[in-house]
Amino acid sequence: MKRAMVVVCVAATVSIGCATRGSVRRVADDVQTLRAEVGGLRRSQDDLSGRVIELATAVQSARDDTEQVRAKLGGIGAELERLSATIHGAEESLKEVKGALAARVEAPSPPPAPPAPAPAPEPPKAAGRSPESLFAAGLANFRTGEYGQAVIDFLDVVTKYPSQELAATAQFWIGEAYYLQHDYRQALIEFQRAVDWPPPNPKAADALLKTGLCYGQLREAARAQQAWRRVLREFPASPAADAARGLLAGKGGAARPER
């Protein structure tokens, strides 16, 4: 009897041991399967992370390209505005030239000035009124506010007597006539011609000072200051240099050059 019970116990123990080993194997297989699935999920996650990074890089690149395009468009717009302003200035200058030519054709010739004592003989191309009489007539018209006729008289000096010292001064007063009529763009052109006039040129410093004032009226402060600094550099001892110092220091406008 006792032997039978021992056999039964041994058989039960063996059976339980077999069942436990089978369960362990299944659990181990399940664990291995889960590990494989987890590894697959991690690889998928890494792939997704890489794609997200690529997409983020592409989006940033697209934003950079967009900013570059916007900057280029802004530069093109500014250039168009500058060209429009240049065209407008050229059109205004053309109108002024046409008006001056029309006025020259229609204006009656003023009476000739009395001849200067013992005048020097003029070359054939200078026959007619002397540069002094033309210049004096231009100043007279300028002082009475007849700026259009003054420009015509000064143009006669410039075109008929370009080698005379009065020609450079006449060119300066052409710029003054336009400046007092608030045509600052045309005045700037005329003053620049006076600055570039070959020597002898007694009005170079004054003309350079007035180019700065024209730039100031045209809201181009940097160019105005550049012109005034050039006066100080090239004509440091001139009255125009004193006026330029005051303008650069912000002390007000320059005094008008003496006539």
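**Loops and packed helices**

Q: His 182 lies in the loop between α4 and α5 of this predicted model. Is His 182 buried or exposed?
A: A residue has to be over 50% relative accessible area to count as exposed. His 182 comes out at 57%. That puts His 182 past the cut-off, so the word for it is exposed.

Q: What is phi at His 182?
A: Most residues other than glycine have a negative phi. His 182 isn't a glycine, yet its phi is positive. You'll find this residue just after α4. The value is about 65 degrees.

Q: Which loop holds Arg 219, and what is its relative accessibility?
A: Arg 219 is another residue that isn't glycine but has a positive phi, near 65 degrees. Look for it in the loop between α6 and α7. Arg 219 counts as exposed, because its relative accessibility is 78%.

Q: Which two residues does a cis peptide bond join?
A: Most peptide bonds are trans. Here, though, there is one with omega at about 0 degrees, which is cis. One partner, Pro 200, has its place in the loop between α5 and α6. The bond joins Pro 199 and Pro 200.

Q: How many helices does the chain have?
A: Start at the N terminus and read off the elements: α-α-α-α-α-α-α-α. There are 0 strands to add to that list. The helix count is 8.

Q: How far does α4 reach from its first C-alpha to its last?
A: Helix α4 covers residues 165-180, which is 16 residues. At 1.5 Å a residue, you'd expect 22 Å. The model comes close to that, with a reach of 24 Å.

Q: How many residues of α4 are buried?
A: To count as buried, a residue must be under 20% relative accessible area. So many residues of α4 pass this test that the helix is largely enclosed by the rest of the structure. Out of 16 residues, the buried ones number 13.

Q: Which residue does Phe 191 have 16 places away along the chain, with C-alpha atoms separated by 5.2 Å?
A: Phe 191 lies in helix α5. It is buried, with a relative accessible area of 0%. Leaving out residues up to four places away in sequence, it touches several others, including Phe 172, Tyr 179 and Cys 214. The partner at 5.2 Å is Ala 207.

Q: What is the angle between α6 and α7, and how far apart are their axes?
A: Two packed helices are described by the angle between their axes and the distance between the axes. Helix α6 takes in residues 204-217 and helix α7 residues 221-234. They pack at about 165 degrees, with their axes separated by 7 Å.

Q: Are α6 and α7 roughly parallel or roughly antiparallel?
A: Their packing angle is about 165 degrees. Angles over 145 count as roughly antiparallel. So α6 and α7 are roughly antiparallel.

Q: Is the crossing of α6 and α7 left-handed or right-handed, and how many nonpolar residues are in the contact?
A: The crossing is left-handed. Among the residues making the contact are Leu 208 and Leu 209 of α6, and Ala 227 and Trp 228 of α7. Of the contact residues, 3 are polar and 2 are charged, while the nonpolar ones number 9.

Q: What share of the chain's 259 residues is buried?
A: Phe 191, at 0% relative accessible area, is one of the buried residues. Across the 259 residues of the chain, the buried share is 29%.

Methods:
Residues are numbered from 1 along each chain as its sequence is written. This is a predicted model: local features need pLDDT of at least 70, side-chain atom pairs count only at pLDDT 80 or more; totals for chains, interfaces and linings use all residues. Side-chain values use heavy atoms; hydrogens and water are left out. Helices (H or I, at least four residues) and strands (E, at least two) are DSSP runs, numbered from the N terminus. The expected span of a helix is 1.5 Å times one less than its number of residues. Buried means under 20% relative accessible area, exposed over 50%, partly exposed in between (1.4 Å probe, protein chains only). Axes are lines fitted to C-alpha atoms, for helices over the stretch in contact, and angles run from 0 to 180 degrees between N-to-C directions. Angles under 35 degrees count as roughly parallel, over 145 as roughly antiparallel, 65 to 115 as roughly perpendicular and the rest as oblique. A crossing is left-handed if the near helix is turned anticlockwise from the far one by less than a right angle, and right-handed if clockwise. Contact means heavy atoms within 4.5 Å. Ala, Val, Leu, Ile, Met, Phe, Trp, Tyr, Cys and Pro count as nonpolar, Asp, Glu, Lys and Arg as charged, and the others, Gly among them, as polar.
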